[in-house]
Amino acid sequence: MYKDRAFTENQLAEMMHTHGVRLSAQRIAVFSYVANGKLHPSAEEIFTALSPIFPSLSRTTVYNSLHLLKDKGLIRELEIQSGFIRYDLRLQEAHSHFICTGCGRITDMPMPAGIADAVLPDYAVGSVDVFIKGLCPDCKGRRKKDLKQIIY
Ligand SMILES: [Zn+2]
Ligand SMILES: [Zn+2]
């Protein structure tokens, strides 16, 4: 399975500093939620998760922080469902995503680095997004059980 990520606050702050992002506690928290959570959260999910920790946090701050982190190349947008943007850490090994059509969970999957360059040697590849859709093991099991109940 894809390797666990655990960045300390100092490491995150260092990455932000290197990429020219001015530090604030709320920005670090937003970046940490995307970088460490592995949940590929939406802006709304980030806001809901962080509000109890930062009661003064506004949706605008979350959106602005996400746009800034994206512009500075620290995170990237994933548009797996059209019109619904999720966020992922940009500075990591190339990977693809599996989205479960049953529960909506998104799982990182390994992907060989430079895969697009290998297939398209004459092209200047900007970014690669590979999404695979299907059922996760939990939902697959549930589906089987449901089917059995219908049959018997
Ligand atoms: Zn599922
Ligand atoms: Zn991912």
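In which loop does P121 have its place? The legends below refer to a predicted model and begin with this residue.

**View 1. Surroundings of P121 in the predicted model.** P121 lies in the loop that runs between α5 (115-119) and β5 (131-134). P121 counts as exposed because 8 other C-beta atoms are found within 10 Å, and a residue is exposed if that number is 12 or fewer. Between the C-alpha atoms of P121 and V34 the separation is 32 Å, the two residues being 87 apart along the chain.

**View 2. The largest nonpolar core.** This core has 15 residues, of which V30, F31, V34, L66, L69 and I75 touch the most other members. At least two residues of the core are supplied by each of α1 (9-18), α2 (25-37), α3 (43-50) and α4 (59-71). With four residues, α2 provides the largest share.

**View 3. Contacts of V30.** When residues up to four places away in sequence are left out of account, V30 touches I46, L50, V62, S65 and L66. Both V30 and L66 are also listed among the core residues that touch the most other members.

**View 4. The chain as context for the close-up views.** Six helices and five strands form the secondary structure of the chain, arranged along the sequence as α-α-α-α-β-β-β-β-α-β-α. The C-alpha trace spans about 60 × 50 × 30 Å along its principal axes. Of the 152 residues in the chain, 14% are buried. Among contacts between residues at least 6 apart in sequence, 50% join residues at least 24 apart.

Notes: Residues are numbered from 1 along each chain as its sequence is written. Chains are lettered from A and ligands numbered from 1 in the order in which they are written. This is a predicted model: local features need pLDDT of at least 70, side-chain atom pairs count only at pLDDT 80 or more; totals for chains, interfaces and linings use all residues. A nonpolar core is a set of buried Ala, Val, Leu, Ile, Met, Phe, Trp, Tyr and Cys residues joined through C-beta atoms within 7 Å. A residue is buried if 20 or more other C-beta atoms lie within 10 Å of its own, exposed if 12 or fewer, and partly exposed in between; C-beta atoms are placed from the backbone. Two residues are in contact if their C-beta atoms, placed from the backbone, lie within 7 Å.
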